[in-house]
Amino acid sequence: RLEWVRRGIYSGAIGYLDSELGRLFAELERRKLLTNTLVIITSDHGEEFGEHGIFDHGNSLYRQSLQVPLVIRLDNRIPPGSVVDEAVSLRDIPATITDLTGLGSGILFPGQSLAERVFDPTRPADTIFAMVRKAIRQPASYPAAQGDLSSVAIDSLRLIRNLGSGQEELFDFLRDPREASDLRSS
């Protein structure tokens, strides 16, 4: 099936990236630079492989399209193995870079340093906003084919609103990570 071909291609790309990151880390270690190098690994979007009947990205605001990996490494500032469990926003990356490198006193960026989350896990989670514009030449069943989409995530809840159709969906992504059960229709 086409879904398995797409998954295979995607897995191959991830494997290649993993290999190249291994080479980068080995070279930084060889040059004795790894300890003092800030490394941030992330992506601009996730990918859907048939969840909600959707493929690719840029046509919905479900978790599969929005959730991306985010790895931050700086040996002298971030304790190894530190994990932030709640959702964060990529808008926080510039503030995180300036905070961790000491370059940012007085520089204003949107968002807040994610380093604060590592050292203060009791800090309240951010409200996360996302939007995608209406997609053209998409199957009519894809959410973005009907109009612009917006979403807001607070704690473990995500509300998705289709601005074209007016349809809304509400998910508890901690209890329902695949966002399969719309709380508004239960």
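1. Tyr10 is partly exposed in this predicted model, at 35% relative accessible area. Its ring partner is Phe49, and the two meet edge-to-face, with 5.1 Å from centre to centre and 70° between the planes. Phe49 counts as buried, because its relative accessibility is 10% and the cut-off for buried is under 20%. Sequence-wise this is a long-range link: Tyr10 belongs to helix α1 (residues 2–30), Phe49 to strand β2 (residues 48–49), and 39 residues separate them.

2. The count of aromatic pairs comes to two, so here is the other one, Tyr62 with Phe171. The ring centres are 6.0 Å apart and the planes stand at 75°, so this pair is edge-to-face. Tyr62 sits in the loop between β3 (55–56) and α2 (63–66), while Phe171 is in strand β8 (residues 168–172), so the pair ties together parts 109 residues apart in sequence. Both Tyr62 and Phe171 are buried.

3. Tyr62 and Phe171 also turn up in the largest nonpolar core, which has 11 residues in all. Among the other members are Ile54, Leu61, Val132, Tyr142, Leu149 and Ile160. As background, nonpolar side chains in soluble globular proteins tend to be buried together.

4. Which residues does Ile160 touch, beyond its neighbours within four places in sequence? The list is Leu61, Tyr62, Ser150, Ser151, Gln167, Glu168, Glu169 and Phe171. If you're looking at the core, note that Leu61, Tyr62 and Phe171 are core members as well.

5. One for the cation–ring watchers: the charged end of Arg73 sits over the ring of Phe25, at 5.8 Å from the ring centre.

6. Now the pocket. The largest one has a volume of about 1200 Å³. It is lined by 47 residues, and those closest to its centre are Val68, Leu70, Glu86, Ala87 and Val88. Several elements chip in: α2, β4 (70–73), α3 (93–101), α4 (115–119) and β5 (128–132) supply at least two lining residues each. β5 gives the most, with five.

7. How many cavities of 30 Å³ or more does the structure hold? There is one, and the largest cavity has a volume of about 40 Å³. Its lining consists of Glu86, Ala87, Ala125, Asp126, Ile128, Ala153, Ile154 and Asp155. Glu86 and Ala87 are worth a second look, given that they are also listed among the residues closest to the centre of the largest pocket.

8. On α3: its buried residues are Ile93, Ala95, Thr96, Thr98 and Leu100. Those residues pack against β1 (39–42), β4 and α4. After the helix comes Gly102, with a positive phi near 75°.

9. Finally, the overall picture. The protein has four helices and eight strands, running α-β-β-β-α-β-α-α-β-β-β-β along the sequence. Its C-alpha trace spans about 55 × 40 × 30 Å along the principal axes. Of the 186 residues, 31% count as buried. Taking contacts between residues at least 6 apart in sequence, 44% join residues at least 24 apart.

Terms used
Residues numbered from 1 in each chain as written. Predicted model: local features only at pLDDT ≥ 70, side-chain atom pairs only at ≥ 80, totals over all residues. Heavy atoms only, no water. Core = buried A, V, L, I, M, F, W, Y, C linked by side-chain atoms within 4.5 Å. Buried < 20%, exposed > 50% of the residue type's maximum accessible area, 1.4 Å probe, protein only. Contact = heavy atoms within 4.5 Å. Phe/Tyr/Trp six-rings, centres within 6.5 Å; stacked < 30°, edge-to-face > 60°. Lys NZ or Arg CZ within 6 Å of the ring centre and 35° of its normal. 1 Å grid on protein atoms, 1.4 Å probe; cavity = no way out; pocket = protein on both sides within 12 Å on 5 of 7 lines; lining within 4 Å. Points joined across faces, edges and corners; volume = space filled by probe spheres on them.
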